[in-house]
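Student: I'd like to go through this model with you, starting with its internal spaces and then moving on to helix packing and backbone details. Could you take me through it step by step?

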Amino acid sequence: MAKIFVSIAAYRDPELLPTLKDLIANAKNPKDLVICIAWQHAEEDTWDTLDKYKKDKRFKIIDIPYQEAKGVCHARNLIQQQYDGEDYYFQLDSHHRFIKDWDKELKEMINYLQCRGYYKPILSTYLPSYFPESDPKGRLEEVWSLNIDRFMPAGAIFLRPQGLDGWRQLKEPVFSRFLSAHFIFTIGKFVTEVPYDPNLYFHGEESSLAARAYTHGYDLFNPHKVYAWHEYTREGKKKHWDDSQDWKAKDDASYARFRKLFGMDPGCTPCQRKILGPYGFGMVRTLEAFERYAGLKFSTRQIHKQTLLHKLPPIEGDYESGLCNMIKVCIDVYKGSLPETDYDLFAVALIDENGNDLYRKDCNELEIRGLLTTDANDKFMHIWRDYEDTRQPHSWRVWPHSKSKGWMEKIEQVILYE
């Protein structure tokens, strides 16, 4: 009879109704669900009307005209305010599919971990993908994990999914460094102990929540089997930043708050709980304990070699000597600035404040062809470069060479860190 508080933040999503239908149909005990939806919608959208559920006592619907929406973290904070002591907390997006008896299996796994001595376990990962236009065909039957890709220029951590090594042989969940915002299953009091920070916008949401949860005594686990699927591409579907006029200001303020939390700006130290109130770190473990567990150092933006190799936490052996300053930059070049058709070389460099090259790795003709043709609908060419250094680049330079016209005009841009 244990209740599950289900949190769904939905923004003008045609998949909301199919997600709700699948969530309920595949639950072992659908009567034990309390489903709260931050329903951010437009009157002209006919695909996500919730009339069917408005009189259903299991549902709590927060009606938000999309013009008044403030981003996903704010929406999730509003949802959590409707929590009423339910036994479990299940956080989702509005575009999912589920296995049969998902609720029974997730509760059993939490109970199993508690019997193992992990009294506040969290199950979370990036789910394998499904595709609405062909579903149920095309569902990936593979367990994914969350892995760090890089520290972004503005400070937040960028995470990527990857198949979990050896998952078919696993009999139970494994330790994880991070949380996925679209799949969190844990005990109910997580809502009151680690409430969502409404002042964050998008990037940094998951890594900051993981660190805060860990310092409140929660243990992070990656499931060893597939419980649900998630839609990733959402091509052609509205996001908040498509409609919002001030999303960039919210995004910049969010990055600044992330850096403040972790003490990443020069002369700053990580925030104590009293500074950010309920949105700071806990008192059970320290931030330093999380860093050593995860293989990170926020103040210097360092990543441990074991973390970069996607080895499971905690870090084994010496922590300090394994930290490295991995710089990873995406150079976005507007294709309209490349009018020629016979490029055979791009001189690509990352530059310091004095105009000196910090790192150089050129593009040959084959790489150029791939960059220009990967996505015909993308107006930009994306050149990735990564290297180890203690200095952050100030700008980048791409100098194209044409077979017929020689060296063309240099393309340069300052890298924005705030």
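Tutor: Before we look at what lines the cavities, a word on naming: strands are DSSP runs of E with at least two residues, and they are numbered from the N terminus. Please also keep in mind that this is a predicted model.

Student: Fine. How many cavities of 30 Å³ or more does a search of the whole structure find?

Tutor: The search finds three cavities of that volume or more, and the largest cavity holds about 100 Å³ of space.

Student: Which residues lie nearest the centre of the largest cavity?

Tutor: Twelve residues line the largest cavity, and those nearest its centre are F151, P153, I327, K328 and Q392. Strand β16, which covers residues 326-334, gives the largest share of that lining, with four residues.

Student: And how does that lining divide by class?

Tutor: For the largest cavity, the lining residues are nine nonpolar, one polar and two charged.

Student: OK, what about the second largest cavity, what volume does it have?

Tutor: The second largest cavity has a volume of about 50 Å³, and its lining is formed by T125, L127, P128, V143, W144, F183, P223, K225, V226 and Y227. By class, eight of the residues lining the second largest cavity are nonpolar, one is polar and one is charged.

Student: Let's switch to helices. At what angle do α5 and α7 pack?

Tutor: Helix α5 (residues 205-215) packs against helix α7 (residues 247-262) at an angle of about 25°, and their axes are 11 Å apart. Angles under 35 degrees count as roughly parallel, and α5 and α7 are therefore roughly parallel to each other.

Student: Is that crossing left-handed or right-handed?

Tutor: The crossing in which α5 passes α7 is left-handed.

Student: Which residues meet there, in α5 and in α7?

Tutor: From α5, the residues S207, S208 and A211 meet F258, L261 and F262 of α7. The residues of this contact between α5 and α7 comprise four nonpolar and two polar, with no charged residues.

Student: How does α5 pack with α9, at what angle and with axes how far apart?

Tutor: Helix α5 and helix α9 (residues 287-294) pack at an angle of about 115°, with 9 Å between their axes, and the crossing of α5 and α9 is right-handed.

Student: So which residues meet in that one, in α5 and in α9?

Tutor: On the α5 side they are A210, A211, Y214 and T215, which meet L287, A289, F290 and Y293 in α9. In the contact of α5 with α9, seven residues are nonpolar and one is polar, while no charged residues take part. A211 is among the residues of α5 that meet α7, and A211 is also among those that meet α9.

Student: Now the backbone. Which residues does a cis peptide bond join?

Tutor: One cis peptide bond joins D135 and P136, where omega is about 10°, and P136 sits in the loop between β6 (121-124) and β7 (144-151). Another cis peptide bond joins P313 and P314, with omega about 0°, and P314 is placed in the loop between α10 (305-308) and β15 (323-324).

Student: Last one: what is phi of R12 near, and where is R12?

Tutor: Phi of R12 is near 45°, which is a positive value in a residue other than glycine. R12 is found in the loop between β1 (4-11) and α1 (16-25).

Methods. Residues numbered from 1 in each chain as written. Predicted model: local features only at pLDDT ≥ 70, side-chain atom pairs only at ≥ 80, totals over all residues. Heavy atoms only, no water. 1 Å grid on protein atoms, 1.4 Å probe; cavity = no way out; pocket = protein on both sides within 12 Å on 5 of 7 lines; lining within 4 Å. Points joined across faces, edges and corners; volume = space filled by probe spheres on them. Nonpolar A, V, L, I, M, F, W, Y, C, P; charged D, E, K, R; others polar. Axes fitted to C-alpha atoms, helices over the stretch in contact; angles between N-to-C directions. Parallel < 35°, antiparallel > 145°, perpendicular 65-115°, else oblique. Left-handed = near helix turned anticlockwise from the far one by under 90°. Contact = heavy atoms within 4.5 Å.
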